[in-house]
Amino acid sequence: MGTGNLRRHILNQCPRQKTRDIAQALLEQGDKTLAIRSQKFSQERFRELLILAIVRHDLPFQFVEYDAIRSIFTYLEPQVNHFTRNTARADILKMHKNECSKLAQEMRSCPGKICFTSDLWTSIATDGYICLTAHFIDSNWVLQKKVINFSYMPPPHSGIALCDKINSLFNSWGVQRKVFTITLDNAAANDVFVGLLRDTLGLNCSLASGGEFLHVRCCAHILNLIVQEGLKRIDISVDKIRECVKEFDSFQSLEFSGNTQKTQLELYLDETKIDRSVKLDVLAFWKAHQFRYPELAQMARDVLTVPISTVASESAFSVGGRILDQYRSAMKPEVVEALVCCRDWLIGEKGKWFLVCLLYLHFIFVCFNFLLYIYIENTEVGLEDLTENIMNLFN
């Protein structure tokens with residue numbers, strides 16, 4: 001039996017292992033397998049892991065200069081090269097710059113529109129910050145939530161200043177033509193801000209329906225208004241539902257080989273209803289049917305991305321509060337932004353359950369508004385009577 005196959009395998013496919021220092025080799029166990037690895041220390045990998053630890057656990061930059069910590073590192077690897085807090089700060093800024101480039105490319109190449117949430121926050125040193133969060137569904141139909149900016153926002157926080165700031169952030173990311181909605185609270189300046197932003201983005205005709213649906217009010221604030229004032233603002237939601245129904249009816253019909261032609265919406269509504277007891281993944285459903293209903297799937301990709309609250313932005317404030325504490329209140333804004341954003345981009349995968357809960361909450365909220373619209377349209381009960389009936393339930 002010849003050895004030609006074995007020789008070709010060794011020369012072309014099997015990587016050669018260095019065995020000059022086999023005495024320093026260790027057995028490594030992982031995934032129920034044993035492998036030989038070299039004990040050679042990588043200074044670059046050590047430095048990268050230490051920077052990630054600082055970002056993930058909100059450690060001060062001075063952590064790398066603690067004598068006890070350096071003693072531990074020296075004990076584990078006598079040849080380790082220690083570095084200073086200034087080097088750690090520079091590494092984090094470099095990491096933030098690299099991750100920004102990757103995220104910008106990901107957002108610009110996503111198939112659908114991008115929805116945003118934004119809110120203002122005041123640090124312990126009374127410095128103002130604005131948080132901008134992007135929500136989009138990628139090509140694999142996975143809902144993504146990214147804190148793209150945690151930027152210093154000096155006073156005044158007027159509508160004009162907010163418009164200039166947000167528009168400049170959109171320009172820096174190159175996503176002006178992909179903006180779909182922006183979710184805000186009910187601050188008085190936000191109405192002026194959205195009006196100016198709608199006019200600015202409308203110059204390139206990139207907003208859906210001329211920017212009519214650009215402003216989405218935070219559901220938490222809306223529910224608070226409902227409790228305090230009844231349902232005085234429900235007519236606005238009803239009008240938006242009516243417009244959504246009109247958007248459904250505006251889709252072009254597909255041509256089939258049969259005698260009858262139906263729109264994608266009619267074909268979708270003719271589908272067999274799914275049992276309520278069956279666990280339904282909304283994004284997985286539209287991923288499976290994106291080629292059967294391409295126009296509806298594209299609309300679902302945009303609509304299901306719309307955040308109904310500013311929780312995504314407000315959750316970043318708790319991280320900012322741990323970074324800008326009473327001992328580090330003088331940190332530069334660009335360093336704060338790098339820490340907050342890198343933590344969200346690199347460690348944020350742990351919070352996928354939050355995105356799923358947010359998606360289903362959004363789905364329930366849309367269904368509630370749709371049912372309320374159907375109820376008002378098919379009954380003679382006026383809005384004032386409906387408000388009185390709901391308030392009686394609270395009593």
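Is L184 buried or exposed? In this predicted model, L184 is buried, with a relative accessible area of 3%. That is a handy place to start a tour of the fold, since L184 sits in strand β6. Leaving aside its neighbours within four places in sequence, L184 touches S118, N190, F193, V194, H215, V216, R217, C218 and T310. Take R217 from that list: L184 and R217 are 33 residues apart in sequence, yet their C-alpha atoms lie 5.3 Å apart in space.

Stepping back for a moment, the protein has 395 residues, and 37% of them count as buried. Its secondary structure amounts to 15 helices and seven strands. Among contacts with a separation of 6 or more, 68% link residues 24 or more positions apart. The accessible surface comes to about 24,300 Å², and carbon and sulfur atoms make up 55% of that.

Now for the sheet. Five strands form an open sheet in the order β5-β4-β3-β6-β7, and the pairing is mixed. The edges are taken by β5 (143-152) and β7 (215-217); each has a single partner strand, so one side of each is left without a neighbour in the sheet. On average, neighbouring strands are turned by 25° against each other, direction ignored. Strands of a sheet pair through backbone hydrogen bonds, and the pairing can be parallel or antiparallel. The antiparallel kind is found between β4 (residues 128-137) and β5, which are joined by nine bridges. Within that pair of strands, T133 stands opposite V147 in β5.

Helix α12 (residues 311-323) packs on this sheet, where it touches β3 (114-122), β4 and β5. The direction of α12 makes about 40° with that of β3. How far apart are the end C-alpha atoms of α12? They are 19 Å apart, which agrees with the 18 Å that its 13 residues should span at 1.5 Å a residue. The buried residues of α12 are A312, S313, A316, F317, V319, G320 and I323. These buried residues pack against β3, β4 and β5, and also against helix α13 (333-347).

Helix α6 (residues 188-201) brings the story back to L184, as N190, F193 and V194 were among the contacts of L184. The helix has 14 residues and reaches 21 Å from its first C-alpha to its last, close to the 20 Å expected at 1.5 Å a residue. Which residues of α6 are buried? They are N190, F193, V194, L197 and L201. These residues cover an arc of only 100° around the axis, which puts them on the same side of α6. On the other side of the helix, A188 and D199 are exposed. The buried residues of α6 pack against three elements, namely α5 (159-173), β6 (179-184) and β7.

The loops hold a few backbone details. Between β5 and α5 there is a loop that contains P156, and the peptide bond from P155 to P156 is cis, with omega near 5°. In the loop between β3 and β4, T126 has a positive phi of about 65° although it is not a glycine. At 64% relative accessibility, T126 counts as exposed. A positive phi, here about 55°, turns up again at S209, which is not a glycine either. S209 belongs to the loop between α6 and β7. With a relative accessible area of 38%, S209 is partly exposed.

One last stop is A284, which has its place in helix α10 (residues 282-288). A284 counts as partly exposed, at 42% relative accessibility; for that label the value has to fall between the 20% under which a residue is buried and the 50% over which it is exposed. A284 and W141 are 143 residues apart in sequence, but 7.1 Å apart in space from C-alpha to C-alpha.

Methods: Residues numbered from 1 in each chain as written. Predicted model: local features only at pLDDT ≥ 70, side-chain atom pairs only at ≥ 80, totals over all residues. Heavy atoms only, no water. Pairing = 2+ DSSP bridges. Helix = DSSP H or I, 4+ residues; strand = E, 2+ residues; numbered from the N terminus. Axes fitted to C-alpha atoms, helices over the stretch in contact; angles between N-to-C directions. Contact = heavy atoms within 4.5 Å. Expected span 1.5 Å × (residues − 1). Buried < 20%, exposed > 50% of the residue type's maximum accessible area, 1.4 Å probe, protein only. Arc of directions from axis to C-beta. Areas by Shrake-Rupley, 256 points an atom, 1.4 Å probe, with all protein chains shown as cover.
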